[in-house]
Every structure is written in structure tokens, then in C-alpha cells.
Amino acid sequence: MLAGLADAGIDVTDADFLLGTSAGSVVAAQITSGVGLPALFQAQVDPALQREELTPQEGALVEVFEFGAKVEAEVTDPMERLRRMGEMGLAAETVPEAERRSVIEVRLPYHVWPERNLAMVAVNAVTGETRVFDRASGVGLVDAVTASCAIPGVWPAATVGDARYFDGGVRSFTNLDLGAGYARTLVIAPMPDPVLEADAASIAEHGGLIEVIAPDEAAFAAFGADPLSPASRTPAGHAGFAQGWAAAQVVAALWDKAQHTPGRQ
């Protein structure tokens, strides 16, 4: 998406604040690493440049969503829902934690926090509390990204200090509420999400300019039956590039309006 936008003349990577959740934390770390979007895009779509990835157990992601839907139907307290997800994840059989962290480490061009306002979200596997990692958190970039990407039931919880963390996506796919208060907001979402819709509406109601871009039909088809499968990298990358081109006019309008809007951008 970002490479397609840039190729169409709209580079949004200069945003004042970048907030990443789950795979979004990888993207945010990559685009603030100093490596250009064309090179990052080629590393995504060119099989010769693709890094080795772990293949999750077949059906694991489906089981996570089914468990999440069951918890949501049975439990009304949001924190208890997160604790239940954490409990499930801690009990699941996964690859060793160190093996998973090594994969994340290889994904990132650099392993130190950039001099940018970058943050990523994870959830405490035991308490359900939200943790936002940034340069001031005292947590290394690789550990922060590993925690934000640790889907419970698919990957092991990530140890940070004396606590273990799971994917921030169990709280919200985008955690948009944690990035409120800016004059303009661009959301590149992994899928439709009622929580995201409510958060986006709240930002608009408070005078913020916002655009939400979710995968189009071609992107969903490119993801395939298992969007965590490494085999989806090339088709998903090309579909995202095309959608970025298609969305360039809408995003350009957002960026142009924001230049005449007071406040943080």
C-alpha cells in the first residue's frame, strides 16, 4: 500500500506519529529504518529477496478467531476477555520463543529505535493490560515488535522484562484510540473492524481528518485462506501496491487538507 501510494506521488511515511499493531509494528519499524519503500517492496514480492519465515500450524489462526468470538459472546468485561485470550495463548503449543524472535529480528533492517515518534502495541498475557512500546519505554525494538506480533495460540508470548506479552491485535486490530488527537489520520487496516469504525467516527466527530483504507476484493483474494502463510507475500504485495495507486487521490486530499489544518499532524 505505502509503496503504491509513493509510486503515485504520495509519500505518507513522513507522518509525525506512526502507530503499529501486530504486522503493522513490523511495517512501522521498517519504514522508519532508513530503507526506502522501493527496496522494502521488492523484499516483499521478489522470492529471491524474501526472508525465511515460519509457517504456522494449519488452522491455528481460524481457531484463534473462533476462540475470540466465543469469549466475546460469553464475557462482557473487556479486560477479562483479554485475560482469557492470554490464558489460551500461554497454554498453546507453539515454536520456541527464541526461534520466533529470531524471525522478527531478521525482518527488521535495523534493530535500534529510530529518531521518530514510533510506537507499537502489545497486551500483557496475564493481566490483559495494554502496553505501548516506544523509544522511551526502555524496551529494545526487536523485543517490542516481537511482542506486538505474538498472536496468542499461533506464536509464543514474548518475554519483556519480567512479563510476557501477546499481540496488540487482541485488543484492537489498529488500536486507533491510542493515536487520537492529530489533525490528520491515515489508517491502513488489515480487515474491517467495528472497533476501528467507532474509533474513526470519534476522531471525525472531534474535528480530525481521517481516512481508513481496508483491503479491497483483490487484496482479500491475494491473502488466500491463511493470511499468515508465507506464500501470500508476493500476491498480497502486488495487490497492495495496486490498491495504493488506486487510493492515491483520496490520500492526497487528506494530506493536502492537513497542510491547512492547525494542530499536530
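Visitor: Quick one: what does phenylalanine 220 count as, going by its relative accessibility?
Guide: Partly exposed, because its relative accessibility is 38%. (Buried means under 20% relative accessible area, exposed over 50%, partly exposed in between, with a 1.4 Å probe and protein chains only.) This is a predicted model, so local features need pLDDT of at least 70 and side-chain atom pairs 80 or more, while totals for chains, interfaces and linings use all residues. Residues are numbered from 1 along each chain as its sequence is written, and side-chain values use heavy atoms, without hydrogens or water.

Visitor: OK. How many aromatic pairs turn up in the whole structure?
Guide: Five. Phe, Tyr and Trp rings (six-membered ring for Trp) pair if their centres lie within 6.5 Å; planes under 30 degrees apart are stacked, over 60 edge-to-face, the rest tilted. One of the five is tilted: phenylalanine 41 and phenylalanine 241 have ring centres 4.9 Å apart and planes at 35°.

Visitor: Where do those two sit in the chain?
Guide: In distant parts, 200 residues apart: phenylalanine 41 is in helix α3 (residues 37–45) and phenylalanine 241 in helix α10 (residues 233–258). Helices here are DSSP runs of H or I, at least four residues, numbered from the N terminus.

Visitor: And which of the categories does each fall into?
Guide: Phenylalanine 41 is buried at 15% relative accessibility, whereas phenylalanine 241 is partly exposed at 21%.

Visitor: Back to 220. What's its ring doing with phenylalanine 223?
Guide: That pair is edge-to-face, with centres 5.9 Å apart and planes at 80°. Both residues belong to helix α9 (residues 217–223), three residues apart, about one turn of the helix. Phenylalanine 223 is partly exposed, at 24%.
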